[in-house]
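User: Could you take a close look at one part of this model for me, the biggest pocket and the pieces of the fold around it? I'd like one connected walk-through rather than a list.

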Amino acid sequence: MARESKESRQKRAGQIIALLQKTYPDAHCELTYSNPLELLMATILSAQCSDKQVNIVTEKLFKKYRSAKEFAGASLPELEKDIQRIGLFRNKARSIQACCRALVEQHGGTVPSTMEALIELAGVGRKTANVVLGNAFAVNHGVVVDTHVARLSQRLGLTRETDPVKIEAALQELVPRELWTLLSHWLIWHGRRRCFARSPDCAHCEIQELCPSRFKAG
Ligand code: SF4
């Protein structure tokens, strides 16, 4: 099959976005949070774990610990117990404490709003930083590339890259900056509701006309 030109891919990306926007007009981050600190903690907890599971745990957690200082000063065994329903809870409890200690010592207990400062924090990589910047600070610094965004970007023929950083760069070339945060929400929502990893529901897919993998993926 002939390789698609960048112009054609850009045009198709625009059409895909228009349909996803119509399909999921209220797409948003599905983690529950009420401030940047809560979103940062929830995102650290969400690695290899469903948002639903994280939301169950954070409902109590955020009532118990209300500031970076309180997380930083918690007893580690107690914090582990508080999040033990979540996979990798021991590592995550340590990351949360180290992260919150750095917030207290270096940022006055607040969450910084730059990529450079965020990725210096324990447990925070580029993906987590993009989640926080895009959703808590409304800064379109990048595109969140999680498992859904990676899978859909490939199935939709938006990139052949497999490395998340390269996928992010490819998506940034195709989509206007002001849509980067929403783009990841739309792809994540479609990945959770239609374009499943194992058996994508191509027959009912709203963007099947634009998808080179229709009835082939899975
Ligand atoms: S047509 Fe199928 S593979 Fe393509 S986006 Fe839709 S569900 Fe996914």
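Analyst: A quick definition first: a pocket here is an open set of grid points with protein on both sides within 12 Å along at least five of seven lines, and its lining residues have an atom within 4 Å of a point. Bear in mind too that this is a predicted model.

With that in hand, the largest pocket holds about 590 Å³ of space. Its lining takes in 30 residues, and those nearest the centre are Thr43, Ser46, Ala47, Lys127 and Asp146. By type, the lining splits into nine nonpolar, 15 polar and six charged residues. Several helices share the job: H2, H6, H8, H9 (147-155) and H11 (180-193) each put in at least two residues. H11 is the top contributor, with five.

Now follow Thr43 back into its helix. Thr43 is one of the buried residues of H2, along with Leu37, Glu38, Leu39, Leu40, Met41, Ala42, Ile44 and Leu45. That makes nine of the ten residues in H2 (residues 36-45), so the helix is largely enclosed by the rest of the structure. What does the covering? Helices H3 (51-64), H4 (68-73), H6 (89-107) and H8 (126-136) are among the elements packed over those buried residues. At the start of H2, a side-chain oxygen of asparagine 35 comes within 3.2 Å of the backbone nitrogen of leucine 37.

H3 and H4, two of the helices covering H2, are linked by a loop that holds tyrosine 65. Tyrosine 65 counts as buried because its relative accessibility is 7%. Setting aside neighbours within four places in sequence, tyrosine 65 touches Glu70, Phe71, Ala74, Glu78, Leu79 and Asp82. With aspartate 82 there is a side-chain polar contact of 2.6 Å. For leucine 79, which sits 14 residues away along the chain, the C-alpha separation from tyrosine 65 is 9.7 Å.

One last check, on the cysteines: a search of the whole structure turns up zero disulfides. The cut-off for a disulfide is sulfur atoms within 2.5 Å. Cysteine 99 has its closest cysteine sulfur, that of cysteine 100, at 5.1 Å, so that pair is too far apart for a bond. For cysteine 49 the closest one is in cysteine 29, at 14 Å, which is also too far. Both count as buried: cysteine 99 because its relative accessibility is 0%, and cysteine 49 because its value is 19%, where buried means under 20%.

Conventions. Residues are numbered from 1 along each chain as its sequence is written. This is a predicted model: local features need pLDDT of at least 70, side-chain atom pairs count only at pLDDT 80 or more; totals for chains, interfaces and linings use all residues. Side-chain values use heavy atoms; hydrogens and water are left out. Buried means under 20% relative accessible area, exposed over 50%, partly exposed in between (1.4 Å probe, protein chains only). Helices (H or I, at least four residues) and strands (E, at least two) are DSSP runs, numbered from the N terminus. Contact means heavy atoms within 4.5 Å. A polar contact is a pair of N or O atoms within 3.5 Å; within protein, one must be able to donate a hydrogen and the other to accept it, and residues adjacent in sequence count only if both atoms are side-chain atoms. On a 1 Å grid over the protein atoms alone, a cavity is a set of points where a 1.4 Å probe fits but cannot get out, and a pocket is an open set with protein on both sides within 12 Å along at least five of seven lines; lining residues have an atom within 4 Å of a point. Grid points are joined across faces, edges and corners, and a volume is the space filled by probe spheres set on the points. Ala, Val, Leu, Ile, Met, Phe, Trp, Tyr, Cys and Pro count as nonpolar, Asp, Glu, Lys and Arg as charged, and the others, Gly among them, as polar.
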